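Colleague: I should be grateful for a close look at a single part of this model, namely the place where the chains meet. Please then relate that part to its surroundings.

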Amino acid sequence: MPTTLATPAGPARRAVRDPLVAGLVGLCLAAAAALVVAPPAPYLVNALGQLAAFAILAVSLDLVWGYLGILSLGHGLFFAIGGYVCAMHLLAQGVAATGVLPDFVQFMGWTRLPAYWTGLDHAAYALVLALAVAGLVAFVFGFASFRSRVNGVYFSIISQALVYVSMLLMYRNDTGLGGNNGMTGFPLLFGWPMGSPGVVTGLAVAALLTLAGVLTGTRLLVGSAIGRRMLACRDDETRLRTLGYSTTRLKLGIWCLSAMIAALAGILYVPQVGIINPRVLAPDLSIEIAVWVAIGGLGRLGGAVIGAILVNGLKFWLSAAMPEAWPFILSGLVLLVVLVLPNGLLDLVGWRPRPTWLRGAP
Amino acid sequence: MTALVVDALTVAFGRFTALDCVSLAVDPGEVRAVIGPNGAGKTTLLDVISGITKPVSGRVMLGDHVDLTKRSEAEIAKAGVRRKFQEPSVFPALTVRENLEIGCGPALPARDRPARIAALLCEIGLGARAEVPAGRLAHGEKQWLEIGMVLAAEPALLLLDEPVAGLSDTETAQTAALIRALRRPDRAILVIEHDMAFVEAVADRVTVLHEGRTLYEGSMAGARADARVIEVFLGR
């Protein structure tokens with residue numbers, strides 16, 4: 001019957017059927033509810049909130065790497081943009097409340113915050129600014145690269161250089177952003193004292209809810225017609241172009257979206273750890289994000305979350321228990337994945353929603 | 001009016017001249033085959049027409065007004081040119097249906113797509129395989145799927161790069177029948193192929209390329225009789 005042939009049964013069915021993402025979203029919501037009703041020890045709450053922020057960061061990278069074939073080795077840049085703007089907001093709010101300038105401003109001999117801090121004590125403005133700056137930096141870098149058809153490893157290397165240059169810039173003390181010490185000593189969050197149990201729980205809940213929202217949104221995106229074009233672009237960009245699609249626009253759009261999601265992760269991360277410094281811009285940290293995604297399962301949003309939580313959970317636990325062993329354990333995990341589980345840990349359960357997973361950029 | 005005019009086209013890669021002042025004109029409704037030994041410049045010609053390679057000099061006119069050498073691949077595709085690549089270029093992670101849907105192009109309204117896709121599935125004989133990921137198809141099925149993808153946008157100019165490479169005799173005959181069925185007064189088809197029997201079956205006229213130059217243009221029977229063509233290609 002021709003009418004049954006005509007119904008888009010495949011894509012529509014697959015868009016809603018992703019038990020792993022659905023399960024993880026449910027888990028986030030349940031965990032958020034549990035934190036509110038019966039909060040465990042504050043350090044556990046804090047650890048859970050940080051893990052959620054890392055998971056958001058991993059999803060942002062998986063979106064461009066797993067679904068579009070663009071491996072960014074500089075996603076720490078967008079995470080840092082979110083983190084820095086959030087730190088500026090927290091300090092500006094403190095200055096507005098107490099009138100005391102942050103240490104690094106006093107060391108520079110300045111009598112007030114630099115002009116570009118204006119208005120950052122308003123949370124809504126800080127949020128918009130963080131996302132806008134991340135999106136704008138991504139747009140400029142992406143536009144220049146994608147228009148000149150810079151792809152594959154070349155793009156990865158340039159993205160790495162970009163995060164490195166940013167780190168050198170942020171190590172300078174005259175940027176007005178804390179220099180090599182970074183920014184810390186955040187006194188308040190929305191008028192509440194930082195570090196109080198309520199604030200810790202609130203931040204963790206916010207991170208979990210954001211993760212649930214980001215997972216739901218990105219899952220809908222990759223299950224849509226745009227998601228199918230992303231996979232098509234990943235597997236054969238020339239073919240897609242010769243069918244009449246502007247792949248530059250597609251890549252640029254998703255690239256900017258990914259950068260803004262990474263910035264969101266940074267915004268949620270910084271108040272939970274209470275510090276930001278240029279170390280988040282170190283190239284090895286950006287590479288580590290790719291490791292989380294590869295370990296969990298490239299090209300599967302749930303895999304990125306699992307990878308981020310597993311690696312960072314292990315890190316929280318082992319870097320305290322036996323800090324000198326951690327680099328070896330991480331390297332061992334990478335080797336295990338590369339040699340035994342080329343599609344990440346999700347291979348263990350044979351969970352493969354789509355049959356052909358090409359790894360990364362060609 | 002002609003469907004496609006290639007006018008004094010020269011393409012060089014470094015010091016190597018892949019196409020040397022090649023000209024040809026294809027009429028609407030015509031099936032033109034471009035033949036020639038390896039390295040003759042056949043695929044380069046298609047690369048220029050589809051915008052993947054830019055020429056050193058010369059023009060490629062689609063209809064009377066559009067110079068394809070000035071356009072991007074996506075713009076050329078929007079102007080009504082579709083290309084089937086030599087290696088079957090389908091999207092392995094997407095199903096047959098999803099491949100065809102992308103083949104419809106960005107311009108076709110969503111409500112018109114299901115009917116178009118259903119018709120195409122029938123035409124290329126993959127109706128029963130609609131929900132199968134393209135990566136799992138057999139070689140011949142991939143070739144047909146790609147033909148379906150390039151037909152989905154109803155192209156005015158269809159470029160086929162070795163459409164029967166690697167196909168069995170039966171599949172070759174089926175493909176020849178399919179291409180003959182694609183002839184329309186408002187559509188020009190340009191085929192590159194090594195298989196002479198196939199070319200004879202589908203083409204109205206042939207252009208023989210050799211080392212980047214046009215050696216012969218005319219009927220297939222004339223090509224078989226031409227002394228220079230026999231020397232470089234048919235005679236061996």
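Modeller: In this predicted model, the contact draws 31 residues from chain B and 24 residues from chain A. On the side of chain B that touches chain A, the elements giving two or more residues are α2 (73-78), α3 (96-103) and α4 (113-123) of chain B. By character, the residues of that side comprise 17 nonpolar, seven polar and seven charged.

The surroundings in chain B include an open sheet of six strands, ordered β6-β7-β8-β3-β9-β10 (chain B), in which the pairing is mixed. Its edge strands, each pairing on one side only, are β6 (81-84) and β10 (213-218) of chain B. On average, and with direction ignored, neighbouring strands of the sheet are turned by 15° against each other. Four bridges join β6(B) to strand β7 (residues 157-161) of chain B in the parallel sense; Arg83(B) has Leu159(B) in β7(B) as its bridge partner. Helix α1 (residues 42-49) of chain B packs on this sheet, where it touches β3 (31-35), β6, β7, β8 (188-192) and β9 (205-210) of chain B, and its direction makes about 145° with that of β7(B).

The largest nonpolar core has 178 residues, and among the members that touch the most others are Ile56(A), Ala263(A) and Val305(A). Helix α4 (residues 42-68) of chain A supplies the largest share of this core, 17 residues. Domain 1 (1-80 + 156-236) and domain 2 (87-154) of chain B both contribute residues to the core, which therefore lies between them. Leaving aside neighbours within four places in sequence, Ile56(A) is in contact with residues including Thr210(A), Val214(A), Ile261(A) and Leu268(A).

Technical notes: Residues numbered from 1 in each chain as written. Chains lettered and ligands numbered in written order. Predicted model: local features only at pLDDT ≥ 70, side-chain atom pairs only at ≥ 80, totals over all residues. Core = buried A, V, L, I, M, F, W, Y, C linked by C-beta atoms within 7 Å. Buried ≥ 20, exposed ≤ 12 C-beta atoms within 10 Å, placed from the backbone. Domains from an automatic or database assignment. Contact = placed C-beta atoms within 7 Å. Nonpolar A, V, L, I, M, F, W, Y, C, P; charged D, E, K, R; others polar. Pairing = 2+ DSSP bridges. Axes fitted to C-alpha atoms, helices over the stretch in contact; angles between N-to-C directions.
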